[in-house]
Every structure is written in C-alpha cells, then in structure tokens.
Amino acid sequence: MRRAAGFTLVELLVAIAVMALLAIMSWRGLDGMARAQEQTRARSDDLLVLQAALSQWAADLDAVQDIGQTEPIDWDGQVLRLTRRGSTTPDEGAFVVAWARRAVGGTDQWLRWQSPPLRTLGDWNIAWQRAALWARSGGAGGAATERGETVLMPLQDWRLFYYRDGAWYNALSSNATGPVAQTLGPTASTTIPDGVRLQLVLPPGRALTGTITRDWINPTHGGGKS
C-alpha cells in the first residue's frame, strides 16, 4: 500500500521551534523600537523643559534692575536673589525673583520663586527676606510664598560665576555688591556683573545628564561679547 503523505513528528517540532525563534526575534525587535522611541520622547521632553527654564533664567537676568536702597542681585551659594522690573507695563512695579535647588518629594529640584508686584521699599525688604526663607524651608514661608513657586527640573548641583574686569570669578568670592544708592528709582549700577555663568549638573539616570554651561552677558555692559 502507498504510504500516506504528511509530516513526521520531528519535522513538526523543528517547524514549531523555528516559528518560536522568529517570534522571539520579532518581539525583541519591537521591544527595542519601543524603548528607543520612549528614550527619544523622554529626551525631547527633558530638552524642552531645560530650554524653557534657561529662557526664563535669561529673561530674569535681562530684567535685573538696580533700585535705590535695594540689592539688584545676590548669590549666597544656595539661592540667587535678584530684583527685576515687570515685563508688561512700566508701572507694573518691581519683583523679587529667587532661584534655588531644594528637595521636593525626595528629589533635588531646580526651583524658581517670584514675589507679587512691589511698590515700596518695605514691600521689597519683606519679599527679599521671604525669598531667602523659601530657598531653605519651602512651605514654611506660608501659602503666599508657595503660590510664587515653580518646580522646574531635577538638578544634582549648580554653580555660579561672575564676569568682571575681563575674567570669570566664583560668585561667592566676587564682590557682588557696591555702594548702595540713597534715592529711590533706577540708578546707573556697578553692582550688576558684566556676565553670569551658570553651570548645571544634571542627575544621572535620566535622558539628559552631565554638566551644562550657560553664559549670560549684561546687555548694557557686554558690548560685542558673546
């Protein structure tokens, strides 16, 4: 009798093994593509956040204003405080802005705080002290202080340098303050540095890591430097 046509058990097992291997390889390829897409998306998101933070940083420095009997800018190693003019109308008043690194939810974050519009020297003194308190204790400054806070991005460390007399100096050792004006209103200040160098150390394990350096040049003193 003629033998019935068909596959042997060994042939079926080999075919099943080949299909299983192809399925595993396809799954790994799809998984690799998904991981690469997720990493690209995370990197793009982190980059957008970083660009927005640095744009705000530059805008604050561009708007630094020396008002009589106030400090235009001060760095104590933990918090940068500055006095800036409003960005909408000339009569908007001045603001105190602070930048700091502080733990939020167990993770060190780069944060920004801004006071309400200030009209008097007394308002400025209160806001200036509140900015220092906010940098160290956060919510201890009260609900009004918390409302001015913006959490920007995770940050491992940061450093500042001032550009004076043709060289960069550590902002802690540089003479950041000069003679205080005795009259209210804008003054021609020598206390604002010609440039500020910002160094950000981004934490490991994220899409963006390493050290980023951003230089700002005072538009009224920088001349043609870039």
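**Note on the fold and its nonpolar cores**

1. Along the sequence, the chain runs α-β-β-β-β-α-α-β-β-β-β-β. That pattern holds three helices and nine strands. Please keep in mind that this is a predicted model.

2. Start with the contacts. Among those in the chain with a separation of 6 or more, 58% join residues 24 or more positions apart.

3. Next, burial and surface. The chain has 226 residues, and 36% of them are buried. Its exposed area is about 13,400 Å², with 57% supplied by carbon and sulfur atoms.

4. Now the interior. In soluble globular proteins, nonpolar side chains tend to be buried together. Here the largest nonpolar core has 26 residues. Within this core, W57, L80, W110 and W158 touch the most other members. Several elements each supply at least two of its residues: helix 1 (9-62), strand 1 (73-75), strand 2 (79-85), strand 3 (94-104), strand 6 (157-164) and strand 8 (195-202). Helix 1 gives the largest share, five residues.

5. A second core lies apart from that one. This other core has 13 residues, and V79, L118, W128 and A131 are among them.

6. W57 deserves a look in the viewer. Which residues is W57 in contact with, leaving aside neighbours within four places in sequence? The tryptophans are W99, W110 and W158. The leucines are L80, L160 and L198, and V196 completes the list. Two of these partners, L80 and W110, also appear beside W57 in the group that touches the most other core members, as does W158.

Conventions: Residues numbered from 1 in each chain as written. Predicted model: local features only at pLDDT ≥ 70, side-chain atom pairs only at ≥ 80, totals over all residues. Heavy atoms only, no water. Core = buried A, V, L, I, M, F, W, Y, C linked by side-chain atoms within 4.5 Å. Buried < 20%, exposed > 50% of the residue type's maximum accessible area, 1.4 Å probe, protein only. Helix = DSSP H or I, 4+ residues; strand = E, 2+ residues; numbered from the N terminus. Contact = heavy atoms within 4.5 Å. Areas by Shrake-Rupley, 256 points an atom, 1.4 Å probe, with all protein chains shown as cover.
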